Amino acid sequence: MKRDKIRILVVDDEEIIRESLLAYLSRDGYHVETAPDGASALARLGEAMPWSLLLVDLKMPGGVDGLAVLEGARKREPGASVVVMTAYASVDTAVTAMKLGAYDYIAKPFEPEELSLLVDRIVEEQALRHENALLRKVVRKEYRFRDLESRSPAMQALFELARPAARSGSTILILGESGTGKELLARAIHAESPRAKGPFVAVSCAALTETLLESELFGYEKGAFTGATTRRRGKFEAAQGGTLFLDEIGDVSAKLQMDLLRVLEERRFTRVGGTESIEADLRIVAATHRDLEKLVAQGQFRQDLYYRLNVIPMRLPPLRERMEDLSLLVESLIEHLGTELGRGIDGVSAEAMQMLLAHDWPGNVRELRNVLERGIVVAHGRILQDSDLALPPRDAGAGALDGTLPSLEEVERRHVAHVLDHVHGNVSQAARILGIDRSTLYAKIHRFGLRAES
Amino acid sequence: MWWIGTAPEHEPLLDPVCRQVNHAFGRPVLRIDDPRRPSDTLDPRRSQHSSGEILRWLAKLRPGQRLLAVTDVDLFVPVLTFVFGEAQLGGHAALVSTARLMPDDGPALLRARLAKEAVHELGHTLGLTHCPDHGCAMARSATLYDVDRKNAWLCTDCRSLLEDRERGGTS
């Protein structure tokens, strides 16, 4: 990076110090600016161009001292290194500054060599960090299957299965909670398939009534029913040569299950009210958040259709089962949303990341996307703060954001996990709060696969 | 170039330094013989002279003239323990001191060091910033080791930067 692109902010109440540091560092070719007090320094944090280094005097009048500037910088300029300067070398304040995340601590006046080496070291380290970030971006591609990104073993295994599956023409059944990215996976499969040049047509089977869905899927002939004034092509025809994605397949009626079975068996269909048999030259990818096996057992879903659909099943894990992906997803979504919303956002603060990690994401990646989108819209600086994220308080009894209601066991699991988390895994305390004895709690921890302090 | 120091025996050093500066920039260098000296630049607590104060005195006394003053008093800027010299970046006044350049073994090394720092500070007045090439006169010198390993002339990059600036009329 060219030196004049490296921005240094000198914060000191003494004009002569500001001037001499400005002159000294400018001669090194850096872009140097100054602020006469803590408040004006805070106002300059989070500007469009990031600061690389803040040289901050520890003791400044006016209520906002060097430590306050340091704290502000940690939140709003996490990429900047803060060096604290003081006229009086005191171990106590040095320790406090270092604990608060200062890069280093120097006593005025400094040896010219000391200052030069310190600044050089910081600039070199930042260049390395920058290079690492670029490399990380390259490596991130390794964790991708089209628009899906993950480094979790379960997802990696899924990608491994999806690549050859996409190339085959077989029917694929995608299972997973709402918001886990079922349509994204279906689109990725389409894009990787030999039918990639053909259309990708998506239908949500839960959104329409039986008769509407029927004509939506198969189309209709003129006069097929009142209002059918012209012939209309259905989704099966629209998807010819490509992929038809049938979302919420678990919600289709018994009659339509029958019709779909016929198409899958015969690879042909007819428009509603028509007689012409049309060849279905397409690949079907179906998806549902429901437990199809259970629906089959309850007689609500045809077993023969289930077998026809369940040729290559793929299960997308919920976000809470792949929390190791959270930072990767946050990074990728922020980059994507930032461009979409025209906001340059560099990342999230450590506190915000803690908050995101503590949430259990019942609405999965879609919920994460919504939370980040809102955060980006309301954020003031280049870094999303915890206050920008409108995450609901952790409420064990709350239902999922997508409207599905959790079972009693799920509510119990979440509540036990929440209480354990609150008391940092202390079983005795958790048992007291829950009003049960320790052995009962241990049994629940075991049953729900939770972790407690040993 | 103007001697504003206290020890008259150092003044003869200036002639060879003038030649070196002339060689480095390809411009004529004139000696000034002016008996005036800066006052009130001594900080009694530090027993050092403020280089910033001296620069301001120089700029006020002979405005618009590119001027290098050479002194033998120890110089400081408020945040640093000492400086070999200082200059106004893109300005007119530059200052170097022999105080910290003094070697144990004779005047030849002092002359060489002084020439390097003179070219360095004048380079700043011409808008040049520090150069990453350790051999270039514009390399940063925080220690005598840094001074000794560089030359009294500009590297090719700094010379072309200077030519670009001059063509752009910003010197």
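The legends below accompany close-up views of a predicted model.

**View 1. Helix H10 of chain A, with its buried and exposed residues.** Let's start with a helix that runs over residues 254–266 of chain A. H10(A) has 13 residues, which at 1.5 Å a residue should span 18 Å, and its end C-alpha atoms are indeed 18 Å apart. Look for Leu256(A), Leu260(A) and Val263(A), which are buried. These three cover an arc of only 55 degrees around the axis, so they sit on the same side of H10(A). As a general reminder, an α-helix has 3.6 residues a turn, so residues three or four places apart point the same way. On the face turned away from the buried side of H10(A) you will find the exposed residues Ala254(A), Lys255(A), Glu265(A) and Glu266(A).

**View 2. The surroundings of H10(A).** What do the buried residues of H10(A) pack against? Their partners are helix H8 (210–218), strand E13 (268–270) and helix H12 (303–309), which belong to chain A. Follow the chain past the helix and you reach Arg267(A), whose phi is positive, near 55 degrees.

**View 3. H8(A) packed with H10(A).** In general, two packed helices are described by the angle between their axes and the distance between the axes. For H8(A) and H10(A), the angle is about 20 degrees and the axes are 10 Å apart. Angles under 35 degrees count as roughly parallel, and H8(A) and H10(A) are therefore roughly parallel to each other. Their crossing is right-handed. On the H8(A) side, the residues that meet H10(A) are Glu210(A), Leu213(A) and Glu214(A). Facing them in H10(A) are Lys255(A), Leu256(A) and Asp259(A). Leu256(A) may look familiar, being one of the buried residues of H10(A), while Lys255(A) is among the exposed ones.

**View 4. Phe225(A) in its loop.** This residue lies between strand E10 (219–220) and strand E11 (232–233) of chain A. Is Phe225(A) buried or exposed? It counts as exposed, because it has 11 C-beta neighbours inside 10 Å, and a residue with 12 or fewer falls in that class. Also worth finding is Gly273(A), which is 48 residues from Phe225(A) in sequence, yet their C-alpha atoms are 7.7 Å apart in space.

**View 5. Helix H16 of chain A and the helices that cover it.** Here is another helix to try your ruler on: H16(A), residues 408–422. Its 15 residues reach 21 Å from the first C-alpha to the last, close to the 21 Å expected at 1.5 Å a residue. Which residues of H16(A) are buried? They are Arg414(A), Val416(A), Ala417(A) and Leu420(A). The arc they cover around the axis is only 165 degrees, which puts them on the same side of H16(A). Helix H17 (427–434) and helix H18 (438–448) of chain A are included in what covers these buried residues. Just after the helix, His424(A) takes a positive phi of about 55 degrees.

**View 6. The contact of chain A with chain B.** Here 18 residues come from chain A and 14 residues from chain B. On the chain A side, helix H1 (15–26) and helix H5 (112–140) are the elements that give two or more residues. H1(A) supplies the largest share of that side, seven residues.

**View 7. Chain B on its own.** This chain holds five helices and seven strands, in the order β-α-β-β-α-β-β-β-β-α-α-α along the sequence. Of its 171 residues, 43% are buried. Among contacts in chain B between residues at least 6 apart in sequence, 60% join residues at least 24 apart.

How values were computed
Residues numbered from 1 in each chain as written. Chains lettered and ligands numbered in written order. Predicted model: local features only at pLDDT ≥ 70, side-chain atom pairs only at ≥ 80, totals over all residues. Helix = DSSP H or I, 4+ residues; strand = E, 2+ residues; numbered from the N terminus. Buried ≥ 20, exposed ≤ 12 C-beta atoms within 10 Å, placed from the backbone. Expected span 1.5 Å × (residues − 1). Arc of directions from axis to C-beta. Contact = placed C-beta atoms within 7 Å. Axes fitted to C-alpha atoms, helices over the stretch in contact; angles between N-to-C directions. Parallel < 35°, antiparallel > 145°, perpendicular 65-115°, else oblique. Left-handed = near helix turned anticlockwise from the far one by under 90°.
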